[in-house]
Every structure is written in C-alpha cells, then in structure tokens.
Amino acid sequence: MKKRGEFIHFNEEAYDVLKNYLLHQVDSIKNIFILVDNITYTHCLPILFQNIDFLKKSNVIKIKSGEKEKNIYTCIQICKNLEKFKATRKSLIINLGGGVITDTGGFVASIFKRGIRFINIPTTLLGMVDAAIGYKTGVNLDSIKNEIGSFYVPEFLIIDTHFLKTLPNKEIFSGMAEMFKHGLIADKNFWTQMNQIQTDIIQNKQNKNEWTHLIHQSILIKQKIVDQDPKEKGLRKILNFGHTIGHALESYFMNMNKMLHGFAVTIGMIYESWISYKINGLSMSDYKEIRSSLSALCPISNQIDNLEINKLLLIMEHDKKNEKNKIQFSLLKEIGECSYNCQVPYSLIKESFLN
Ligand SMILES: NC(=O)c1ccc[n+]([C@@H]2O[C@H](COP(=O)([O-])OP(=O)(O)OC[C@H]3O[C@@H](n4cnc5c(N)ncnc54)[C@H](O)[C@@H]3O)[C@@H](O)[C@H]2O)c1
Ligand SMILES: [Zn+2]
C-alpha cells in the first residue's frame, strides 16, 4: 500500500503532478477515460480542462448524479462504454466527482480486465476528506450500502478545494460531519478547531477556500489510520464511529432519497455518543459538548418512532462489520479517543434513539 504524503496532492501543485504523471506515462497509458456525473460534467470538468488542456482529448463517460446510480447496473454501463472506446489494460480512469463517482469508478477500475489504473479527483467535501481516501471502492446492492466492492489503490489523489465553490451548502455540512468525526475519534485539538469555524461557516461568513488547511489535516488523520490498518482488521474500525446507526438510517431512507451520508452519520454520532456515555466511559460533559455541536450541523427534530427503530435494527443486523451475529460498534472513550469491536445490547441501541 502507498503511504500518505506520497500520493495525495493539493491545489496548484496537484495539477503539475498529474500533468507530469500523464506526460511520463505516454507509453504505458493507452487511453484516458474521465468519469463524471451530469453535475460534475458541468461544474468540474471545465476546471480540469482549464488546468490540463490535453485532457480534452480523453473519453468522457457521464452518468446521472445521485446515490441511486451507485449500483452494479451503472458499472456494467461504464464497462460497456470502456469496451466501446477500446479500453485496454493500459487505460486509465480519472474519477471526477463526489463519493458516488469515486466509489463506482474505483470499483470498475478494480474489475475491468481484472484491474486498470485510476486516479481520484474528489469534488465534494465528503469525497475529499473521506470517500476518495482509504482504498475502499464499491456499489450498493438494492438498498444495502456498499455491499459489492473491493479494496483497490489509486495511482494518486488530487485535492483541489476550488471545486467546493459550486458545492451546495448542505453538501458542505455533509462533508463537515466526517471532519468532526476525525476529531472525535483521533484528535481533540482538531475537534476544537472544527468547532471554532463551524459557526462562521453556518453563517456563511467564511470563504470556503480559507479552510483548506483543515481539509488537509482531516485527510491526514484518516490516511494515518488507514496506513496502520488498510484492510480494516482492527484500528481502522474507529472510522466507523457514527456509521453503524448512520448507515442504517441512510439505507432506510435511501429509496425516499431523503438523507445525505453526512447527515445520517451526524445523527449516528449523536446516538452512538449516548451509547458511549452509557457503556464506554465517555463523560457526560463530553457527551453534551458533542450533542450540542453536532445538532447545530444537523438538528434531530423528528424523533424516530418504535416501528422505524425495529426496521433500523434489522438493517444493522446485516452490517458487514458484524461478527458472531452481534452488531459491532466503535464507541468513544473521550473526545479524541475511540474503541472498536464494542457489543451493545439491543435495548441500549433503542434507548439511544429515544433519548
Ligand atoms: N469509499 C469510502 O471509503 C467512502 C467513505 C465515505 C462515503 N462514501 C460514499 O460516498 C458517497 C457520498 O459521497 P458524496 O456526498 O460526495 O455524494 P455524491 O457523489 O452523490 O455528491 C453529492 C452531490 O454533489 C454533486 N457535486 C459533486 N461535486 C460538485 C461540485 N464541485 N459542485 C456542485 N455539485 C457537485 C454531485 O453531482 C451530487 O449531486 C456515498 O455513496 C457513500 O457511501 C464512501
Ligand atoms: Zn462516512
């Protein structure tokens, strides 16, 4: 596996790296495919072309935007397009988009002709700080999140925060959830810094580009954890904090297309912090701080009723992180420190929703 720093490149310097890479690989790269959705086609592809003019000659594969498109049928369509435009094992895919594009495009790269090279250029905040990092690729199987997938390493990553200018605020908040998570599980100081900028961002005072350094830091926190445990045998599981409940909510609401990943995870983090307080030693004052900060990001106004809780528990039972038929949680010990492989009684999961 590649190590951090070696292959994550930021802003201006990043395009030089990409350009050099492409120019030096002319013999080994036969043709280039750029995967976009209809929105990144409009907002992001022109920026990429502005920076690297000769990419205009690439084949562009466009899919519809949205989580619903992250499925195996879309992968088949992409493979057919690769075939149609004569892709070989020497082709390269550039994924230009949010988590849906990097997850889907990365997965296609891992299976097409048993694996071709790919580069991630995430264009959402969530993509930059989370989805494009860590070698997980995959698609949903009906409403089961990321059920089909692979671990597959990109050539490198390009982070250009200028893409965030066109990103709607709700998508910014969604990405911020993962940044807060990185502070909660591994870096108290980073959590404090995130809290300081949160109010400014919510009130729209802060230019989105000014917090590039926080994005950078957030990426390094995730990459450092992934480097220590790339295949999620142990430590990497702490990145799932907020996600056991979060993924269940996301799956449950997927067909109604109602809940962004980051919002689901924010609610998940609040409930899982309650569970952490009950059984993992998290202090009441830490719990209160987390709840007040995260509910400003995503107010949990509508309580989830009993019927829904039972359906959510059924979804959690199918979580691929479970072991020995027990739902597994990653829980906080304190702000900045997280445990994994924690088993939680059903009654406490239910209680967390009603609290
Ligand atoms: N592989 C992983 O480790 C991992 C980790 C976290 C999340 N994910 C996955 O990532 C996905 C969510 O990612 P996401 O939130 O980026 O979703 P997304 O890809 O659906 O992007 C959100 C929306 O923003 C639009 N968009 C993208 N870039 C834009 C830009 N610069 N300006 C304007 N609009 C833009 C997209 O078209 C889409 O409508 C989920 O499927 C989740 O499961 C994967
Ligand atoms: Zn996530």
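**Ligand 1 and three helix pairs**

Ligand 1 is surrounded by 26 residues, and the closest of them are Asp37, Glu67, Thr124, Lys145 and Thr166. The model is a predicted one. By residue type, the shell around ligand 1 is made up of 10 polar, 9 charged and 7 nonpolar residues.

Three contacts show how individual residues meet the ligand. Val100 takes part through its backbone: an N or O atom there lies 3.0 Å from an oxygen atom of ligand 1. Asp103 uses its side chain, with a polar atom 2.8 Å from a nitrogen atom of ligand 1. Lys145, listed above among the closest residues, has a side-chain N or O atom 2.7 Å from an oxygen atom of ligand 1. Taken alone, ligand 1 exposes 870 Å², and 91% of that is buried by the protein. Four elements give two or more residues each to the shell: helix 2 (38–43), helix 5 (99–111), helix 6 (125–131) and strand 7 (144–151).

Helix 5 leads from the ligand to the packing of the helices. Its partner here is helix 4, which spans residues 72–84; the axes of helix 4 and helix 5 are 10 Å apart, and the angle between them is about 55 degrees. An angle from 35 to 65 degrees falls between the roughly parallel and roughly perpendicular ranges, and helix 4 and helix 5 are therefore oblique to each other. The crossing of these two helices, 4 and 5, is right-handed.

A second pair joins helix 7 (residues 169–186) to helix 11 (residues 261–279). Their axes come within 7 Å and cross at roughly 40 degrees. That angle makes helix 7 oblique to helix 11. In this case helix 7 passes helix 11 in a left-handed crossing.

Helix 11 also packs with helix 14, which covers residues 346–354; the axes of helix 11 and helix 14 come within 9 Å and cross at roughly 125 degrees. Angles count as roughly perpendicular from 65 to 115 degrees and as roughly antiparallel over 145, and helix 11 and helix 14 are therefore oblique to each other. The crossing of helix 11 and helix 14 is right-handed. Helix 11 thus takes part in a left-handed crossing with helix 7 and a right-handed crossing with helix 14.

Notes
Residues are numbered from 1 along each chain as its sequence is written. Chains are lettered from A and ligands numbered from 1 in the order in which they are written. This is a predicted model: local features need pLDDT of at least 70, side-chain atom pairs count only at pLDDT 80 or more; totals for chains, interfaces and linings use all residues. Side-chain values use heavy atoms; hydrogens and water are left out. A residue is near a molecule or strand if one of its heavy atoms lies within 4 Å of it. A polar contact is a pair of N or O atoms within 3.5 Å; within protein, one must be able to donate a hydrogen and the other to accept it, and residues adjacent in sequence count only if both atoms are side-chain atoms. Accessible areas come from the Shrake-Rupley method with a 1.4 Å probe; for residues, only the protein chains shown count as cover. Ala, Val, Leu, Ile, Met, Phe, Trp, Tyr, Cys and Pro count as nonpolar, Asp, Glu, Lys and Arg as charged, and the others, Gly among them, as polar. Axes are lines fitted to C-alpha atoms, for helices over the stretch in contact, and angles run from 0 to 180 degrees between N-to-C directions. A crossing is left-handed if the near helix is turned anticlockwise from the far one by less than a right angle, and right-handed if clockwise.
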